[in-house]
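This report introduces a single protein chain to a reader who has not met it before. The sequence and the model are shown first, and the description follows.

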Amino acid sequence: MNWILLIIAGLFEVGFATCLGKAKETTGMASTLWMVGFFIALSISMTLLYKVTQTLPIGTAYAVWTGIGAVGTVLVGIFVFKEPATFWRLFFLFTLISSIVGLKFVSAH
């Protein structure tokens with residue numbers, strides 16, 4: 001169950017990073033609403049991360065959380081913000097995903 005919560009926390013990390021990107025692209029009330037979304041997603045993500053670190057090793061939990069956030073944010077950047085999907089970006093994204101999966105498998109919990 002904690003691994004599922006950790007994945008959800010990582011997805012909310014992607015959410016708050018996405019909200020930051022959208023807030024940067026907008027002005028006025030739209031920007032304010034994106035920032036509200038940022039703070040909501042940030043709060044949920046941090047709360048879930050705190051909860052899972054009660055039973056999972058902090059080093060593993062934090063690495064997986066940031067990895068999910070990094071991978072998800074790069075993918076959002078490519079698909080939503082039209083950032084380049086070069087060979088090397090995708091290659092290192094794959095190595096990051098492999099590392100996250102590896103940490104899950106070697107974790108004691």
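How much of the chain over residues 87-106 is helix and how much is strand, and how far apart are the end C-alpha atoms? In this predicted model, residues 87-106 are 100% helix and 0% strand, with 29 Å between the end C-alpha atoms.

## Overall architecture

The chain contains four helices and zero strands, and along the sequence this gives the pattern α-α-α-α. Measured out along the principal axes, the C-alpha trace spans about 50 × 35 × 15 Å.

Of the 109 residues, 33% count as buried. Among the contacts with a separation of 6 or more, 71% join residues 24 or more positions apart. The chain exposes about 6600 Å², and carbon and sulfur atoms supply 77% of that area.

## Annotated regions

The unreviewed UniProt entry places the feature "transmembrane region" at residues 33-50, 62-81 and 87-106. The span 33-50 is 100% helix and 0% strand in the model, and its end C-alpha atoms lie 26 Å apart. The span 87-106, described at the start, coincides in its residue numbers with helix H4 (87-106).

## Helix H2

Helix H2 covers residues 28-52, which makes 25 residues. From the first C-alpha to the last, H2 reaches 37 Å, close to the 36 Å expected at 1.5 Å a residue. The buried residues of H2 are Ser31, Phe38, Ala41, Ser45, Leu48, Leu49 and Val52. These buried residues pack against helix H1 (2-25) and H3.

Two other residues of H2 have some exposure. Ala30 is found in helix H2 and counts as partly exposed, because its relative accessibility is 35%. The C-alpha atoms of Ala30 and Thr47, which are 17 residues apart along the chain, are separated by 26 Å. Gly37 is also found in helix H2, and its relative accessible area of 22% makes it partly exposed. The C-alpha atoms of Gly37 and Ile97 are likewise separated by 26 Å, with their positions 60 residues apart along the chain.

## The nonpolar core and helix H3

Which residues touch the most other members of the largest nonpolar core? In this core of 19 residues, they are Leu6, Leu49, Val52, Leu56, Ala61, Val64 and Trp65. The elements that give two or more residues to the core are H1, H2, H3 and helix H4. H1 gives the most, with six residues. Leu49 and Val52 also appear among the buried residues of H2.

Val64 shows some of the links made by one core residue. Leaving aside neighbours within four places in sequence, Val64 is in contact with Trp3, Leu6, Ile100 and Leu103. Thr60 lies in helix H3, which runs over residues 58-79. Is Thr60 buried or exposed? Thr60 is buried, because its relative accessible area is 13% and the cut-off for a buried residue is under 20%. With neighbours within four places again set aside, Thr60 is in contact with Trp3, Leu103 and Ser107. Trp3 and Leu103 thus appear in the contacts of Thr60 and in those of Val64.

## Aromatic pairs

The count of aromatic pairs comes to eight. One of them joins Phe91 and Phe92 in an edge-to-face arrangement, at 5.0 Å centre to centre and with 75° between the planes. Phe91 counts as partly exposed, because its relative accessibility is 35%. Ring pairs link Phe87, Trp88, Phe91 and Phe92 into a cluster.

## The loop between H3 and H4

Lys82 is placed in the loop between H3 and H4. Most residues other than glycine have a negative phi. Lys82, however, has a positive phi of about 60° although it is not a glycine. Is Lys82 buried or exposed? Lys82 counts as exposed, because its relative accessibility is 65% and exposed residues are those over 50%.

Definitions and conventions
Residues are numbered from 1 along each chain as its sequence is written. This is a predicted model: local features need pLDDT of at least 70, side-chain atom pairs count only at pLDDT 80 or more; totals for chains, interfaces and linings use all residues. Side-chain values use heavy atoms; hydrogens and water are left out. UniProt positions are given in the numbering used here, feature names are shortened, and annotations may be inferred rather than shown by experiment. Buried means under 20% relative accessible area, exposed over 50%, partly exposed in between (1.4 Å probe, protein chains only). Contact means heavy atoms within 4.5 Å. The expected span of a helix is 1.5 Å times one less than its number of residues. A nonpolar core is a set of buried Ala, Val, Leu, Ile, Met, Phe, Trp, Tyr and Cys residues joined through side-chain atoms within 4.5 Å. Rings of Phe, Tyr and Trp (its six-membered ring) pair if their centres lie within 6.5 Å; planes under 30 degrees apart count as stacked, over 60 as edge-to-face and the rest as tilted. Accessible areas come from the Shrake-Rupley method with a 1.4 Å probe; for residues, only the protein chains shown count as cover.
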